[in-house]
Each structure stands twice: as C-alpha cells, then as structure tokens.
Amino acid sequence: VQLQASGGGLVQAGGSLRLSCAASGRTFSSYAMGWFRQAPGKEREFVVAISLRRGSTYYADSVKGRFTISRDNAKNTVYLQMNSLKPEDTAVYYCAAKEYTGAIVVGTTTPPWYDYWGQGTQVTVSS
C-alpha cells in the first residue's frame, strides 16, 4: 500500500483545513488507517484512527470535538477535517495504514502498530 497525504497549509487560529490521504491497492476496506502528527522536537503523536471496514473511530482527547475523520472507500481516500485549529496543532501530519478489520481500540494508537506511512503534510496554525 502506498499512501499520499495532502491538504496541509497555513491557517489562522480558529480556521479549518481538510487533509486527504489517498491509498493505492484494491483492498482499501481491509485496512485501518490513522493520522499522526509530529511537531519539531516532539515525538510522533496519535490523532485519530478509523476502521475502513467498520467505520468505527478513535480520537485523541486533544482533537475530540474539533477534528473529524471520514472515508470514501470508492476513492480509496481518508479525510481529516480539522476545525477550530489552534497554534498547538502545528505539526507535520502523517497518515498510516495497517491491514486490519478488527475494532479500533487503544492498541491502534501507537506508531509501531502501523505498517505503511505517507510522506507527511505540513500544517501551520498562526496565532
């Protein structure tokens, strides 16, 4: 599976952005996908995960209520709608995938669990 993340940019605090992650392959719905972010000098941080088969999701507390993940299995694409952005949301955002059709649980929130990674897209939120 190859992942291509896009949609990052510069936005003022309170604004919105929508990230996309397009995946190659014909078994898109057999995967779980996640979004992570990494700010300079910090570890990669979990944002949200989704089961592409079930549609179930798991959000980090820091983004719950502001970010929404969705999927379009026909387009092999996952979206991350980010609203009410804050300066602390500034980071490089990565999408990741693993072939998995089980429930989205806390174990799916760690980077080593994922097998495939996109190249990252920069999100900068100015104050």
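A cavity is a set of grid points where a 1.4 Å probe fits but cannot get out, and its lining residues have an atom within 4 Å of a point. In this predicted model, a search of the whole structure finds one cavity of 30 Å³ or more. The volume of the largest cavity is about 30 Å³. Its lining is made up of Val1, Ala23, Ser24, Gly25, Thr27, Phe28, Tyr31, Met33 and Ala97. Six of these lining residues are nonpolar and three are polar. Charged residues are absent from the lining.

Met33 links the cavity to the nonpolar core. This residue lines the largest cavity, and it also belongs to the largest nonpolar core. That core holds 39 residues. Met33, Trp35, Leu80, Met82 and Tyr93 touch the most other members. Several strands supply the core with two or more residues each. Among them are strand 1 (3-6), strand 3 (17-23), strand 4 and strand 5 (45-51). Strand 7 (67-72), strand 8, strand 9 and strand 11 (121-126) do so as well. In soluble globular proteins, nonpolar side chains tend to be buried together.

Charged side chains form contacts of another kind. The structure contains five salt bridges. One of them joins Asp89 to Arg37, with an N to O distance of 2.8 Å. Asp89 sits in the loop between strand 8 (77-82) and strand 9 (91-99), while Arg37 is in strand 4 (residues 31-38), so this pair ties together parts that are 52 residues apart in sequence. Are these two residues buried or exposed? Both Asp89 and Arg37 are buried. They also take part in a network of salt bridges, which links Arg37, Glu45, Arg66 and Asp89.

Two further salt bridges involve lysine. Lys64 pairs with Asp61, and their closest N and O atoms are 3.1 Å apart. Asp61 has a relative accessibility of 66%, and it therefore counts as exposed. Lys98 pairs with Asp115, with 3.4 Å between the closest N and O atoms. Lys98 belongs to strand 9 and Asp115 to the loop between strand 9 and strand 10 (116-117), so the salt bridge ties together parts that are 17 residues apart in sequence. Asp115 has a relative accessible area of 47%, so this residue is partly exposed.

Methods
Residues numbered from 1 in each chain as written. Predicted model: local features only at pLDDT ≥ 70, side-chain atom pairs only at ≥ 80, totals over all residues. Heavy atoms only, no water. Salt bridge = Lys/Arg side-chain N within 4 Å of Asp/Glu carboxyl O. Helix = DSSP H or I, 4+ residues; strand = E, 2+ residues; numbered from the N terminus. Buried < 20%, exposed > 50% of the residue type's maximum accessible area, 1.4 Å probe, protein only. Core = buried A, V, L, I, M, F, W, Y, C linked by side-chain atoms within 4.5 Å. 1 Å grid on protein atoms, 1.4 Å probe; cavity = no way out; pocket = protein on both sides within 12 Å on 5 of 7 lines; lining within 4 Å. Points joined across faces, edges and corners; volume = space filled by probe spheres on them. Nonpolar A, V, L, I, M, F, W, Y, C, P; charged D, E, K, R; others polar.
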